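Q: Please give a close account of one part of this model: the helices that pack together towards the end of the chain, and the residues that lie in and beside them. Where the description rests on a threshold, please show the reasoning.

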Amino acid sequence: MAGATRFFHIIHPRYLLHDTGGAAHYDIPERLQVIQDILSGLNATGPMVTVEPTPVEEKRLLTIHSQEYLCRFEEVALSGRSYLGHPDNQLGYETYEIANLAAGAGLTGIDLLEKEPGGRIFCSVRPPGHHAEKAAALGFCFLNNVAIAARYWQEEYSRRRIAIIDFDAHHGNGIQSAFVEDPDIFYVSLHEHPFYSFPGTGYAEETGSGPGKGTILNIPLLSGAGDEEVKKAFAEQVEPALEKFKPDALVIAAGFDGHLLDDMSGLHFSTGLYGYLGCRIATLADNLCKGRLLSVLEGGYHLPSLASSVEEYCRAMIEKKQ
Ligand SMILES: [Zn+2]
């Protein structure tokens, strides 16, 4: 790639208004404020452009979610109730509309990449998405932002084969179930072992079913696993699997709650590991799919570690240096 790489940070001020009921909840607005602050001073080559996403048409949400669920979600938000389904999924009056804007970030990013190939994209969104199921909110997630983006890339731009890498500390059950029978979407997840971690899915034996058999690669990590375990799995399992799958585009469920200081998991990742991941993932995208790479925020709750890890990931993705 010649010259400076353009970096687009996709974020909307309304994301801060998704009301999870105060500081007792993990998904607080300050998460995005610390990311915005640190990325505005990103120490990387090339200019950064901040882009506001546009809302998503309902037909895009319906590629992943049921009409009945979307109606129920909107109704519960507007009714003034404080959560949907389970107290983890706190919401406010504006959450339905804000979740739609969060799903919109990925679509806006894909439009940008298709118009301006070679740019790097990071979407800082609330609420997150990878636990959201077809007809259920789960684990702070309401709409499955990454799954909706993957389907959009296929349908709008005919990028048929999509690979999704999920490095959040938790298994992305909602992404897996959306595509479990889909031979054209490859889902790779590195996460804390489901035997003792939320949401209890993501065993290595779950590899897809029917026509999708073999297109799911779950890599459960034991508590205490750190950088070396991830690097080994990435080199020995993730990279060869993607080289074999030959994706047309790459979507990343970028969660940072595996950090050593983040108490949402027992994983012991360093800030530097996210630099390794940014570099390896950008290299894969350039080698396999002409740099078509979209990253969307999932978890990450220890504010200083979240900020520095996102910065490290984005810097490495732009510079392709760890
Ligand atoms: Zn997580």
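**The C-terminal helices and their surroundings**

A: Lys-290 is located in the loop that runs between α8 and β8 (293-297). The model is a predicted one, and this loop residue is a convenient place to enter the region. Lys-290 is not a glycine, yet its phi is positive, near 50 degrees. Its relative accessibility is 68%, and because a residue over 50% is classed as exposed, Lys-290 counts as exposed.

The helix that precedes this loop, α8, spans residues 271-289. One of its partners is helix α7, residues 227-245, whose axis comes within 11 Å of that of α8 and crosses it at roughly 10 degrees. Angles under 35 degrees count as roughly parallel, so α7 and α8 are roughly parallel to each other. From α7, the contact draws on Asp-227, Val-230, Lys-231, Phe-234, Ala-235, Glu-239, Leu-242 and Glu-243. From α8, it draws on Leu-273, Tyr-276, Leu-277, Arg-280, Ile-281, Leu-284 and Leu-288. Sorted by class, the residues of this contact are 10 nonpolar and five charged, with no polar residue.

Helix α8 also packs with α9. Their axes come within 7 Å of each other and cross at roughly 30 degrees. That angle makes α8 roughly parallel to α9. The crossing of α8 and α9 is right-handed. On the α8 side, the contact is formed by Thr-271, Gly-272, Tyr-274, Gly-275, Leu-277, Gly-278, Cys-279, Ile-281 and Ala-282. On the α9 side, it is formed by Ser-308, Ser-309, Glu-312, Tyr-313, Ala-316 and Met-317. Here the division is eight nonpolar, six polar and one charged residue. Two α8 residues, Leu-277 and Ile-281, appear in the contact with α9 and also in the contact with α7.

Helix α9, residues 303-319, has a further partner in helix α1, residues 30-40; the two axes come within 9 Å and cross at roughly 45 degrees. An angle of this size is neither under 35 degrees nor between 65 and 115 degrees, and α1 and α9 are therefore oblique to each other. The α1-α9 crossing is right-handed. In α1 the contacting residues are Glu-30, Arg-31, Val-34, Ile-35, Ile-38 and Leu-39, and in α9 they are Leu-303, Leu-306, Ala-307, Ser-308, Val-310, Glu-311 and Cys-314. Nine of the residues in the α1-α9 contact are nonpolar, one is polar and three are charged. Ser-308 of α9 takes part in the contact with α1 and in the contact with α8.

Residues of these helices also belong to the nonpolar interior. The largest nonpolar core has 98 residues, of which Phe-122, Ile-164, Leu-250, Phe-256, Ile-281 and Tyr-313 touch the most other members. Helix α4, residues 95-115, makes the greatest contribution to this core, with 11 residues. Ile-281 and Tyr-313 are on opposite sides of the α8-α9 contact, Ile-281 in α8 and Tyr-313 in α9. For another of these core residues, Ile-164, the contacts beyond its neighbours within four places in sequence are Val-146, Ala-150, Ile-175, Phe-179, Ile-185, Phe-186, Tyr-187, Val-188 and Val-251. In soluble globular proteins, nonpolar side chains tend to be buried together.

Two further residues of α9 show how this helix is placed. Arg-315 lies in α9; its relative accessible area is 15%, and since values under 20% are classed as buried, Arg-315 is buried. Arg-315 and Gly-208 are separated by 107 residues in sequence and by 34 Å in space, C-alpha to C-alpha. Ile-318 is likewise in α9, and at 6% relative accessibility Ile-318 counts as buried. Ile-318 and Ala-4 are 314 residues apart in sequence, but their C-alpha atoms are 8.8 Å apart in space.

Beyond the helix, Lys-320 lies in the segment after α9. Lys-320 has a positive phi of about 50 degrees although it is not a glycine. With a relative accessibility of 34%, Lys-320 counts as partly exposed, whereas Lys-290, in the loop after α8, counts as exposed.

How values were computed
Residues are numbered from 1 along each chain as its sequence is written. This is a predicted model: local features need pLDDT of at least 70, side-chain atom pairs count only at pLDDT 80 or more; totals for chains, interfaces and linings use all residues. Side-chain values use heavy atoms; hydrogens and water are left out. Axes are lines fitted to C-alpha atoms, for helices over the stretch in contact, and angles run from 0 to 180 degrees between N-to-C directions. Helices (H or I, at least four residues) and strands (E, at least two) are DSSP runs, numbered from the N terminus. Angles under 35 degrees count as roughly parallel, over 145 as roughly antiparallel, 65 to 115 as roughly perpendicular and the rest as oblique. A crossing is left-handed if the near helix is turned anticlockwise from the far one by less than a right angle, and right-handed if clockwise. Contact means heavy atoms within 4.5 Å. Ala, Val, Leu, Ile, Met, Phe, Trp, Tyr, Cys and Pro count as nonpolar, Asp, Glu, Lys and Arg as charged, and the others, Gly among them, as polar. A nonpolar core is a set of buried Ala, Val, Leu, Ile, Met, Phe, Trp, Tyr and Cys residues joined through side-chain atoms within 4.5 Å. Buried means under 20% relative accessible area, exposed over 50%, partly exposed in between (1.4 Å probe, protein chains only).
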